[in-house]
Amino acid sequence: MKLSCAIIDDEPLAANMLASYAQNTPSLNLIGTYNSAIAAIRDLREHPVDLLFLDIQMPELSGLEFAKVLPKNTKVVFTTAFEQYAIEGYKVNALDYLMKPISNEEFLKTVNKAICYFEEKKRQQLLTDDQFIFVKSDYKLVQVRLNDILYIEGFKDYVKVFVENSEKPVVSLINMKKIEEFLPHPQFMRVHRSYIVQMKKVKIIDRGRVVFGSEFIPISESYKEEVQRYIDDHTLV
């Protein structure tokens, strides 16, 4: 995967250093380097980049202020010499935060983090568009439509995928953590160490349990708060 990127830093030495890192990184395509947010604002609104390395402390318009008006698909990596900005940076959904002076090693770690983010985003979009997955079961690949999944029960090294209108679950040698990371959230939510539920298939919740016919799936304390928030967002009061 190759990401488009830009750099904004009012310090020419810092900007040039980051530009040299970017130009020597095969997975990046450097679109532009700017010495102020004002100079960059029109270009980056009309031609958004995937990744923006953005200095925080700049005259006229700070990096924190500029980040709030960027297109939502642009991920920001803040660069600064001041640690006190870290919390503020994450409030505007920054992908990462690099302290100056920035080494090439730190820069590459952040680029790898960005690539993982965009690859995951692309995969999630593909799942959303196609609405099916292939599950390895008994040396075969079985197609399972996401909309047909009721819930998934996990055991030590394998899972059972319970599908609507099917007498038997699809059994696969995979752990719960991996399948949880793979499925789109919050369409699928972990409600218990051993269970992932497709929330739009839930018809009844009874005394802290999700009811699927004669099956009662417990909602454990570890996941109760997140599940309750989802339920509250869909509850008529």
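Biologist: Which element gives the most to the lining of the largest pocket?

Modeller: Keep in mind that this is a predicted model. To read a lining, go element by element and see who contributes. Here S6 comes out on top, with five residues. Strand S6 (132-137) shares the job with strand S7 (140-145) and helix H6 (176-182), each supplying at least two residues.

Biologist: What volume does the largest pocket have, and which lining residues are the closest to its centre?

Modeller: Its volume is about 370 Å³. There are 15 lining residues, and Val-135, Lys-136, Ser-172, Leu-173 and Ile-174 are the closest to the centre.

Biologist: How do the residues of that lining divide into nonpolar, polar and charged?

Modeller: Sort them by side-chain class: nine are nonpolar, four are charged and two are polar.

Biologist: Now the open sheet of five strands. What is its order?

Modeller: Read a sheet from one edge across to the other, not along the chain. You get S10-S9-S8-S12-S11, and the pairing is antiparallel.

Biologist: Why is one side of strand S10 (170-172) and of strand S11 (188-192) left without a neighbour in the sheet?

Modeller: Both stand at the edges with a single partner strand each, so one side of each has no neighbour in this sheet. As for twist, neighbouring strands are turned by 20° against each other on average, ignoring direction.

Biologist: Zooming in, over how many bridges do strands S8 and S9 pair?

Modeller: Five, in the antiparallel sense, between S8 (residues 149-154) and S9 (residues 159-163). For one example to find on screen, take Gly-154: its bridge partner in S9 is Val-159.

Notes
Residues are numbered from 1 along each chain as its sequence is written. This is a predicted model: local features need pLDDT of at least 70, side-chain atom pairs count only at pLDDT 80 or more; totals for chains, interfaces and linings use all residues. Side-chain values use heavy atoms; hydrogens and water are left out. On a 1 Å grid over the protein atoms alone, a cavity is a set of points where a 1.4 Å probe fits but cannot get out, and a pocket is an open set with protein on both sides within 12 Å along at least five of seven lines; lining residues have an atom within 4 Å of a point. Grid points are joined across faces, edges and corners, and a volume is the space filled by probe spheres set on the points. Helices (H or I, at least four residues) and strands (E, at least two) are DSSP runs, numbered from the N terminus. Ala, Val, Leu, Ile, Met, Phe, Trp, Tyr, Cys and Pro count as nonpolar, Asp, Glu, Lys and Arg as charged, and the others, Gly among them, as polar. Two strands pair if DSSP finds at least two bridges between them. Axes are lines fitted to C-alpha atoms, for helices over the stretch in contact, and angles run from 0 to 180 degrees between N-to-C directions.
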